[in-house]
Amino acid sequence: MYTLSVSSLNEQIKTLLESTFERVLVEGELSRITFHNSGHIYFTLKDESSTIKAVIFKANAAKLKFQLQEGLKVVLDGAVTLYKPRGEYQINCFSIQPSGHGALALAFEQLKNKLSSQGYFEVSRKKQLPKFPKRVALITSATGAALQDMLRVAQNRYRALEIDIYDVLVQGENAAPSIVKALSLADTKGYDIIVIGRGGGSMEDLWAFNEEIVADAIFKALTPIVSAVGHEIDWVISDFVADLRAPTPSAAMQMILPDTNELYQYIDSLSSAFTQRIEQKIYNSKQELAHLANLYLQHSIEKKITQKIDEIKQIRETLNQTISFKMQSFSKDMELLIDRFPYMIENKINIAQNQVSNLQKMLESNHPKFRSKKGFAQISKDSKVIDIASLKLDEIFDLMSDEVIVSAKVLKKIDIKGLV
């Protein structure tokens, strides 16, 4: 399920209403009548429990033979429509008659209800008309203006058409049987479409197309039937039963036949669209080919070799620059070292001489042979100089001067710090 806009929903409702209730006869009382300056008349039709808005536009209002008054019981002949901006449905009245106005109207309504209940008007049973008919039968009066109108339209719109004319009576007591006979015969001839009709007239003049035998013949026909009777405001039983209702005979030909000029224009537009499409395809192919050629150049062996050579050159230049930089830096460091080397050597020699001098002094101060004080000797054990405080009772040690070495034994040990 998808989401509809308000306008889309109203449009679908409008289509459903107007296709389902193309023509209705509604009886009720008039209420809230408004005579607009435009000539249109707006009012409400009501009964004991319901109301519905209605309008009769200026052209049809001018044909009224009586004055509309509050509370007057009438029969409306019209179609249910939807006023999209406000989402309100109403009856668009074609004519208004006082209730109980005549036997023909009552007979019409009774037959219409009967056939409707039998499924004669069901949309599902209506046959599809071909878009490009080759053979069409016209069932009408050969001397009527309606035939000439239909032939003129056919000549102007679509000449590649075979038309057969079935001359019938379209008015009077014998009209209905004449129409049925011609229709039954034409239905066996393999026509693409059969059109039955006549020009406008009174309800009495058009009554042949309200006969039940005509409705039965249309309902049973295997060929798609178009009803084209009277003027746009005229509705007959054949209109409801036929596969297509045309408001006028000439309109019927406009509805069933393609327009040659429009076909030429359509073919031209198709040709232009085809040419543009081919040109676009060629352009796209060229662009794709150029792209592929560019990709090939970018990924070819030659391109890769060239890239590697360029990389080697770049590496070589970088290496040379690095070596040059290093050499320059090394040269500067060497010059600096050369300049500083004598001072460094002299400093190292001075440091070494000082160390030797210090070591010499330490040697002179610590070597027994350089001691000048009498009564002093170096204490050692196992050829290692030790501290006298580390000696223990009965431990044997050596006393060494610059002249003799004496072995001795600890007989007594006194802690001088403890005596002080």
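**Strand pairing, helix packing and cores in the predicted model**

Strands β6 (residues 135-140) and β8 (residues 193-198) pair in the parallel sense over 4 bridges. Within this pair, L138 has V195 of β8 as its bridge partner. The structure described here is a predicted model. Both strands belong to an open sheet of 5 strands, ordered β7-β6-β8-β9-β10, with parallel pairing. Its edges are β7 (162-167) and β10 (244-245), each of which pairs on one side only. Strands of a sheet pair through backbone hydrogen bonds, either parallel or antiparallel.

Helix α5 lies across four strands of this sheet: β6, β7, β8 and β9 (225-229). The helix runs at about 170° to β6. Helix α5 (residues 175-186) also meets helix α6 (residues 212-220). The two axes come within 9 Å and cross at roughly 10°. Angles under 35 degrees count as roughly parallel, so α5 is roughly parallel to α6. On the α5 side, the contact is made by A176, P177, I179, V180 and L183. On the α6 side, I213, V214, A217 and I218 take part. The contact residues comprise 9 nonpolar, no polar and no charged.

The largest nonpolar core has 39 residues. Those with the most contacts inside this core are L115, I139, I194, I218, I225 and V241. Two or more residues each come from α3 (103-117), β6, α5, β8, α6, β9 and α7 (237-241). Helix α5 gives the largest share, 7 residues. A second core, separate from the largest one, has 18 residues and includes L129, Y158, A228 and I256. I218 thus appears twice, in the contact of α5 with α6 and among the residues with the most contacts in the largest core. V241 touches I218 as well. Leaving aside residues up to four places away in sequence, the other residues touched by V241 are L115, Y120, F121, R125, K126, A215 and F219.

Antiparallel pairing is found in strands β1, β2 and β3. Strand β1 (residues 24-35) runs antiparallel to strand β2 (residues 41-46), and 5 bridges join them. Here T34 stands opposite Y42 of β2. The hairpin of β1 and β2 has 5 residues between the strands. In this hairpin, G39 takes a positive phi near 105°. Strand β2 is also joined to strand β3 (residues 51-56), by 6 bridges, and again the two run antiparallel. T44 stands opposite K53 of β3. A hairpin of 4 residues joins β2 to β3.

Strands β11, β13 and β14 also pair in the antiparallel sense. Strand β11 (residues 378-381) is joined to strand β13 (residues 396-400) by 3 bridges. In this pair, S380 stands opposite D398 of β13. Strand β13 pairs in turn with strand β14 (residues 405-409) over 5 bridges. M400 has I405 of β14 as its bridge partner. These two strands form a hairpin, with 4 residues between β13 and β14.

Helix α9 (residues 260-299) contains Q276. The relative accessibility of Q276 is 54%. The cut-off for exposed is over 50%, so Q276 counts as exposed. Q276 and L111 are 165 residues apart in sequence. Their C-alpha atoms are 57 Å apart in space.

Terms used. Residues are numbered from 1 along each chain as its sequence is written. This is a predicted model: local features need pLDDT of at least 70, side-chain atom pairs count only at pLDDT 80 or more; totals for chains, interfaces and linings use all residues. Side-chain values use heavy atoms; hydrogens and water are left out. Axes are lines fitted to C-alpha atoms, for helices over the stretch in contact, and angles run from 0 to 180 degrees between N-to-C directions. Angles under 35 degrees count as roughly parallel, over 145 as roughly antiparallel, 65 to 115 as roughly perpendicular and the rest as oblique. Contact means heavy atoms within 4.5 Å. Ala, Val, Leu, Ile, Met, Phe, Trp, Tyr, Cys and Pro count as nonpolar, Asp, Glu, Lys and Arg as charged, and the others, Gly among them, as polar. Two strands pair if DSSP finds at least two bridges between them. A nonpolar core is a set of buried Ala, Val, Leu, Ile, Met, Phe, Trp, Tyr and Cys residues joined through side-chain atoms within 4.5 Å. Buried means under 20% relative accessible area, exposed over 50%, partly exposed in between (1.4 Å probe, protein chains only).
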